[in-house]
Amino acid sequence: MPDKKNGPSTQNEKTPMPGKWIVAAIIGILVIIIVVLAASTLGSPAAKNTAVSPSVCSGKVISYINTNLVNEGETATLINITDNNEIYTIWSRYLGQELPIYASHDCALLFTSAFDMNAATPTPEPTLPPKKSERPVVDLYVMAFCPYGTQAEAVMSPVVDLLGAKADISVRYITTVGGQTVDSVGSLHGPAEAHEDIVQLCIMKSNPEKYWDYLKDFNSQCYPVWQNATRLDSCRNDVTAALGIDLPAIDTCANGAEGLALVELDAAESSAMGASASPTLIINGVAYSGARTPEAYKQAICNSFDIAPPECTTTLSSASDAAAGGCQ
């Protein structure tokens, strides 16, 4: 839980905002520097006289975000607000993450990122060389309702089309299992996500040739309504019917011992590999930390072959809407 006086730990301060908040974050970096320098240099009494109270400003900021910045059906909530040298820091919770948002004291300027220039510069982690094999093992660890995870699946899809016959490319699910039933499975975004994680595992096992088509259709049609249980169930029914997937059989798997065994295996693997953030890409046991584009994913896998197959000469897209963040 966040400290009510000082705000949550700084670990989450570096988590990028999802979707269209990225642009606001870039603009915000410039705005915060201007505001802080102006306040410290000029010390304007007029500016202090127009200060808005913390409670009023936090309410205004959360309302503005939910009206203009978040995706449809999603909501940011207030945790607390702190006053830091002419700047309010409003701590919010969005998609299971604690995120700082900043506002000027008059609550007229909103920005979503800041640099602490007094903090020590972190030492970058060394990039590990690829581990080569005849047939690379590629595991993409995700959570079904993590926006970063669904984006990474979309990035990986054309790579699977190209290299799926030459490498073992799998999606794996980050969960915790606390008991002997599927009801004991936990996932970051709640029981609905845990259930969908297992559903996707059951489809992967019984309908592997339709699995990536299901992901594509489910993520585009059903993920946007995942917080509405009725609409989610209806959408899943429509997608599986269109693909010829036997949903009653999948439900039997997902609600029973078979589904539990599948998710237990992924939970153990994600724990063993240290894959706690969605998405995490691991190739031959080596964590990947490069760009999230089809071409970058393809090249990382191709670099892990003992002898790269001819398919590696095909150039995939280097464009992607995937944001460089994660759910954890």
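How many helices and how many strands does the secondary structure of the chain come to? The chain comes to 10 helices and 10 strands, where helices (H or I, at least four residues) and strands (E, at least two) are DSSP runs numbered from the N terminus. The model is a predicted one, in which local features need pLDDT of at least 70 and side-chain atom pairs count only at pLDDT 80 or more, while totals for chains, interfaces and linings use all residues. Residues are numbered from 1 along each chain as its sequence is written, and side-chain values use heavy atoms, with hydrogens and water left out.

**The whole chain**

Begin with the entire chain in view: of its 328 residues, 45% count as buried, a word that here means under 20% relative accessible area, with exposed meaning over 50% and partly exposed in between (1.4 Å probe, protein chains only). Among the contacts in the chain with a separation of 6 or more, 69% are between residues 24 or more positions apart; contact means heavy atoms within 4.5 Å.

**The cores**

Next, select Met156, Val159, Leu163, Ile169, Tyr214, Tyr297 and Ile301, which have the most contacts inside the largest nonpolar core, a set of 53 residues. A nonpolar core is a set of buried Ala, Val, Leu, Ile, Met, Phe, Trp, Tyr and Cys residues joined through side-chain atoms within 4.5 Å. Helix α4 (residues 147-163) gives this core its largest share, 7 residues. Apart from it lies another core, of 14 residues, among them Val61, Ile65, Ala76 and Ile101.

If you then select Tyr214 alone, and set aside residues up to four places away in sequence, the residues that Tyr214 touches include Glu196, Val199, Asn219, Arg236 and Leu243.

**Two crossing helices**

Now select helix α5 and helix α9 (residues 257-273), whose axes come within 9 Å and cross at roughly 100 degrees. The axes are lines fitted to C-alpha atoms, for helices over the stretch in contact, and angles run from 0 to 180 degrees between N-to-C directions. The two helices α5 and α9 are therefore roughly perpendicular to each other, since angles of 65 to 115 degrees count as roughly perpendicular, those under 35 as roughly parallel, those over 145 as roughly antiparallel and the rest as oblique. Where they meet, Ile198, Leu201, Cys202 and Lys205 in α5 are in contact with Glu258, Gly259, Leu262, Val263 and Asp266 in α9.

From this group pick out Lys205, which is placed in helix α5 (residues 191-206) and counts as exposed at 52% relative accessibility. Not counting residues up to four places away in sequence, Lys205 touches Glu258 and Leu262, and a polar contact of 3.1 Å joins the side chains of Lys205 and Glu258. A polar contact is a pair of N or O atoms within 3.5 Å; within protein, one must be able to donate a hydrogen and the other to accept it, and residues adjacent in sequence count only if both atoms are side-chain atoms.

**The loop after α9**

Move on to Ser278, found in the loop between α9 and β9 (280-283), which counts as buried at 0% relative accessibility. A polar atom of the Ser278 side chain lies 3.0 Å from the backbone nitrogen of Met143. Leaving aside neighbours within four places in sequence, Ser278 is also in contact with residues including Tyr141, Cys146, Ile174 and Cys327.

Add Pro279, which lies in the same loop between α9 and β9, and look at the bond between the two residues: Ser278 and Pro279 are joined by a cis peptide bond, with omega about 5 degrees. Most residues other than glycine have a negative phi, and most peptide bonds are trans.

**Two positive phi values**

Select Asn284, in the loop between β9 and β10, where phi is positive, about 50 degrees, although the residue is not a glycine; Asn284 is buried, with a relative accessible area of 13%. Then select Cys107, in the loop between β3 (97-104) and β4 (110-111), whose phi is near 60 degrees and which counts as buried at 6% relative accessibility.

**Around α10**

Finish with Tyr288, in the loop between β10 (286-287) and α10 (294-302), which is partly exposed, with a relative accessible area of 22%. The side chain of Tyr288 reaches the backbone oxygen of Ala291 at 2.5 Å. In helix α10 itself, select Glu295, a buried residue with a relative accessible area of 14%, whose side chain reaches the backbone nitrogen of Leu316 at 2.8 Å.
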